[in-house]
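I opened the model today to look up its ring contacts, its sheet and a few buried elements. My entries follow in the order in which I made them.

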Amino acid sequence: MTSTTRPLLNRRLAEFGTTIFAEMSALALSTGSINLGQGFPDTDGPEEVREAAVRALRDGRGNQYPPGPGVPELRTAIAAHQQRRYGLSYDPDTEVLVTAGATEAIAAALLALLEPGDEVIAFEPYYDSYAACIAMAGGTRVPVTLRPHEGRFRLDLDELRAAVTDRTRLLLINTPHNPTGTVLTRAELTAIAELAVERDLLVVTDEVYEHLVFDDAEHLPLATFPGMRERTVTIGSAGKSFSFTGWKVGWVTSAPGLVTAVRSAKQFLTYVSSGPFQYAVAEALALPDSYFTAFREDMLAKRDLLATGLTEAGFEVFRPAGTYFITTDIRPLGETDGFAFCRALPERAGVVAIPNAVFYDHREAGAPFVRFAFCKRTEVLEEAAKRLRAL
């Protein structure tokens, strides 16, 4: 038996331990609490899509390795979706890549496009895989913080411009934004596009919540703005749009050179994945607009239900313009530490949430904020709201 004094985990990943999602989900299980922490629905998506997966399995389609870029049917469906929804034209053979969920797409894009020492600007708070993937690629993350203002978290464009240096290689944009629910406006996206063109920056856009925008908000892909199609890697996901998160089907659309670069990294991560499910997602993307409208309206009603319950429980609520998460401020409840609050909440109220501080480099900026997921059955949200009122 040998021993070593060297750390077993390499220094790039030393700051990343077990995710908060694993910790809080285990806490939900051990206490019998309602889990509004991790962002997955508690019902399946459309029955016709599930049956399409069963049909593919039975017909022997995708049971062996599918093509590396993804099955042609899905790549064609992704291109058609981008054209129909946004007027973006992509060649299914050279400008579309299927991935093992959006998380792999993010990882492959950053591994492919960054050199050690390159700076990546991301909007803080950010999905936790961003920081880990930037670290694995040897990049340096530069957070630009979204701050609460008049009921939403807002981007300071001057702060964004000031963050760009000669070492900046890439902007990592997420809209609709997890965890805050912010949807970037046309003016904000125009400014981001102009900055990217002016400073010759690559952009990776995480748009997995594209079909979940509410009220007067509108999802506008950054690739539609002048000068952006050739420098933007757009990431989408079936999990968030069709409520089949376990299938892990995501995709990348971009110019041929960028797709080739991302594929070069992706092929050594999973190589291929989700064979039969790719055929099912191809059918899902062709669903009529009525599906997407009903999906959005259902989530809107759930947002309002939980937002009302949280307000009545004493939280300050930032009503999201997109995604299926609500960020709250716990200070009106006399609390300031989101970690302590979330770890105690299962015993106090039988509900699990996520402290937003895990999504920040500047932990103090996120300390009083807590995130709840509303992608659950109505009766579950009603019970959660009832329990939270006990606070």
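**Charges over rings**

I started with Arg85, which lies over the face of Phe292, at 5.1 Å from the ring centre. For this I took a charge to sit over a ring if NZ of Lys or CZ of Arg is within 6 Å of the ring centre and within 35 degrees of the ring normal. I also noted Arg61, whose charged end sits over the ring of Tyr279, 4.8 Å from its centre.

**Ground rules**

I am working on a predicted model, where local features need pLDDT of at least 70 and side-chain atom pairs count only at pLDDT 80 or more, while totals for chains, interfaces and linings use all residues. Residues are numbered from 1 along each chain as its sequence is written, and side-chain values use heavy atoms, with hydrogens and water left out.

**Aromatic pairs**

I paired rings of Phe, Tyr and Trp (its six-membered ring) if their centres lie within 6.5 Å; planes under 30 degrees apart count as stacked, over 60 as edge-to-face and the rest as tilted. By this rule I have 19 aromatic pairs. In one of them, Phe153 and Phe369 meet edge-to-face, 5.4 Å centre to centre with 75 degrees between the planes. This pair links distant parts of the chain, with Phe153 in strand β6 (residues 152–154) and Phe369 in strand β15, 216 residues apart. I took strands (E, at least two residues) and helices (H or I, at least four) as DSSP runs, numbered from the N terminus.

Are these two rings buried or exposed? I used under 20% relative accessible area for buried, over 50% for exposed and partly exposed in between (1.4 Å probe, protein chains only). Phe153 is buried because its relative accessible area is 1%, and Phe369 counts as buried at 4%.

Tyr324 and Phe325 also form an edge-to-face pair, at 5.4 Å centre to centre and 70 degrees between the planes. Both Tyr324 and Phe325 are buried. I then found Phe242, Tyr291, Phe292 and Phe295 linked by ring pairs into a cluster.

**Phe242 and the cores**

I listed the contacts of Phe242 (heavy atoms within 4.5 Å). Leaving aside neighbours within four places in sequence, Phe242 is in contact with Gly45, Pro46, Ala284, Leu285, Leu287, Tyr291 and Phe292. Phe242 is also one of the residues with the most contacts inside the largest nonpolar core, together with Leu74, Leu170, Leu172 and Phe372; that core has 102 residues. Another core, of 27 residues, lies apart from it and has Leu155, Val164, Leu171 and Leu195 among its members. I counted as a core a set of buried Ala, Val, Leu, Ile, Met, Phe, Trp, Tyr and Cys residues joined through side-chain atoms within 4.5 Å.

**The sheet around β15**

Which strands make up the open sheet, and in what order? I read 4 strands in the order β11-β12-β15-β14, with antiparallel pairing; strands pair if DSSP finds at least two bridges between them. β11 (316–318) and β14 stand at the edges with a single partner strand each, so one side of each has no neighbour in the sheet.

I went through the bridges next. β11 and β12 are joined by 3, with Val317 the bridge partner of Thr328. Strand β12 (residues 325–329) pairs with β15 over 5 bridges, and here Thr328 stands opposite Val370. Strand β14 (residues 354–355) has 2 bridges to β15, and Ile354 stands opposite Arg371.

In a regular strand the side chains alternate between the two faces of the sheet. I therefore checked both faces of β15: Phe369, Arg371 and Ala373 on one side and Val370 and Phe372 on the other are all buried.

**Val351**

Val351 lies in strand β13 (residues 351–352) and counts as buried because its relative accessibility is 0%. Its C-alpha is 4.7 Å from that of Ile34, 317 residues apart along the chain. I found Val351 touching Ile34 and Phe372, among others.

**Two helices**

Helix α3 (residues 72–86) has 15 residues and its end C-alpha atoms are 21 Å apart, which agrees with the expected 21 Å; I took the expected span as 1.5 Å times one less than the number of residues. Its buried residues include Leu74, Arg75 and His81. Just after α3, Gly87 takes a positive phi of about 70 degrees.

Helix α4 (residues 101–113) reaches 19 Å, close to the 18 Å expected. I noted α4 as mostly covered, with 10 of its 13 residues buried.
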